[in-house]
Amino acid sequence: SIKDIRRNSFSYYEQVMSDRVIERMSLAEMLREAVDNGEFELYYQPKINLKDGMVVGAEALLRWHSRDGMVPPDRFIPIAEQTGLILPIGEWVLLQACEQAHIWRQEYPEFHMGVNLSPAQFDLDYLPRLVADILKEAQLPAEALELEITEGMIIEDIDNTVQILRSLRDLGVEISIDDFGTGYSSLSYLTRLPLDILKIDRSFMFEVPDSRDSTNVVLSILALARSLNLKVTAEGVETEDHVTLLHDHRCTYIQGYFCSRPLPVAEFEEFMRHRQCRCANCEGITWFSQ
Ligand code: C2E
Ligand code: MG
Ligand code: MG
Ligand code: MG
């Protein structure tokens, strides 16, 4: 009967829910231990300057090698945020990334490092001092650090955001808006905030050039950034078509599988030895000079 079906589907629903709750609980517990057990590792994805094809730096991306295998950030970062564990994890990320940038700057003096911030870290009193302390500890000049925030962090409280960004900018770090174009905020904040870079969300790139709309969004972001005097990083750059379009419209930096996936330290160093992107895809692209 309908009743049985309802009951069954309800208990199925309950079962799925409780599986999820259990998974979340155990993930949270595993996360708690992961910090102490050193189960985290940073991977580094090269950022390429579109003018000359040179590697200008990297984005640090967190990887968790749990007992049960690799857990992707999209699965554990939300839990780390809900449990507050993102604070110690985020601190570890920031210090680790800055120390690595310091090492790489011995060989590549211009090298710069992008680090993702999560909403919980975006606290007025705490963050600028923390960043200053970490830069000092890592002996990294502030201009070598780019902090990536998302639109969601801005709309919460624009005045507060202006203050936090000002004090971060006063240190000398660069600020970028990650996943730009996916948020729901009004664009008016762009003129009020001290910003350096817009990062075009990868979901738009994936539909370029097949979707006219997504292509137009990408071109609009590039035009908007130019009029506001901001640099642009395109992420999710996977094809030669992407590169050509972005190059023709004077995008500043590209980041994506076209150049390289995020790499562990040793592999990143191997990549850096060429200083220029020489992956199978890039070879033969004329604008990668010499
Ligand atoms: P994100 O900051 O937007 O990072 C870019 C993501 O796009 C990375 O995913 C990267 O591996 C992926 N990606 C780069 N190029 C391509 C491409 O050409 N094709 C495709 N399909 N993907 C590409 P990842 O490493 O899985 O990270 C996902 C998200 O997790 C990040 O998005 C960021 O929001 C968050 N995240 C990663 N590390 C950290 C961290 O240390 N702290 C915080 N708060 N969030 C982090
Ligand atoms: Mg990012
Ligand atoms: Mg992004
Ligand atoms: Mg993201």
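This report covers the ligand site, the two largest pockets and two backbone features of a predicted model.

**The ligand and its pocket**

Ligand 1 sits in the largest pocket. That pocket holds about 1200 Å³ of space. Its lining counts 39 residues, and L61, P73, D74, N116 and R202 lie nearest the centre. By class, the lining splits into 19 nonpolar, 9 polar and 11 charged residues.

Around ligand 1 itself there are 24 residues. Those that come nearest are R63, N116, D178, E238 and Y257. N116 therefore appears in two lists, and the contacts below put a distance on it. The shell has 10 nonpolar, 5 polar and 9 charged residues.

Which atoms make polar contacts with ligand 1? Three examples are given here, each with its distance.

| Residue | Part of residue (N or O atom) | Ligand 1 atom | Distance |
|---|---|---|---|
| L62 | backbone | nitrogen | 3.1 Å |
| N116 | side chain | oxygen | 2.8 Å |
| D179 | side chain | oxygen | 3.1 Å |

How much of ligand 1 does the protein cover? On its own, ligand 1 has 800 Å² of accessible area, and the protein covers 88% of it.

Four elements each give two or more residues to the shell: strands β2 (55-66) and β6 (174-180), and helices α2 (73-83) and α8 (202-206). The largest share comes from β2, with 4 residues.

**A strand residue with positive phi**

D179 deserves a second look. This residue is found in strand β6, one of the elements that supply the shell. Its side chain has an N or O atom 3.1 Å from an oxygen atom of ligand 1. Its backbone stands out too: phi is positive, about 50°, although D179 is not a glycine. Most residues other than glycine have a negative phi.

**A cis peptide bond after α8**

Where does P209 lie? P209 is in the loop between α8 and α9 (212-227). A cis peptide bond joins V208 to P209, with omega at about 5°. Most peptide bonds are trans. Helix α8 is also among the elements that give two or more residues to the ligand shell.

**The second largest pocket**

The second largest pocket holds about 220 Å³ of space. It is lined by 12 residues, and V56, R105, E110, H112 and Y253 are the closest to its centre. By class, the lining has 4 nonpolar, 2 polar and 6 charged residues.

Key: Residues are numbered from 1 along each chain as its sequence is written. Chains are lettered from A and ligands numbered from 1 in the order in which they are written. This is a predicted model: local features need pLDDT of at least 70, side-chain atom pairs count only at pLDDT 80 or more; totals for chains, interfaces and linings use all residues. Side-chain values use heavy atoms; hydrogens and water are left out. A residue is near a molecule or strand if one of its heavy atoms lies within 4 Å of it. A polar contact is a pair of N or O atoms within 3.5 Å; within protein, one must be able to donate a hydrogen and the other to accept it, and residues adjacent in sequence count only if both atoms are side-chain atoms. Accessible areas come from the Shrake-Rupley method with a 1.4 Å probe; for residues, only the protein chains shown count as cover. On a 1 Å grid over the protein atoms alone, a cavity is a set of points where a 1.4 Å probe fits but cannot get out, and a pocket is an open set with protein on both sides within 12 Å along at least five of seven lines; lining residues have an atom within 4 Å of a point. A molecule sits in a cavity or pocket if more than half of its atoms lie within 2 Å of its grid points. Ala, Val, Leu, Ile, Met, Phe, Trp, Tyr, Cys and Pro count as nonpolar, Asp, Glu, Lys and Arg as charged, and the others, Gly among them, as polar. Grid points are joined across faces, edges and corners, and a volume is the space filled by probe spheres set on the points.
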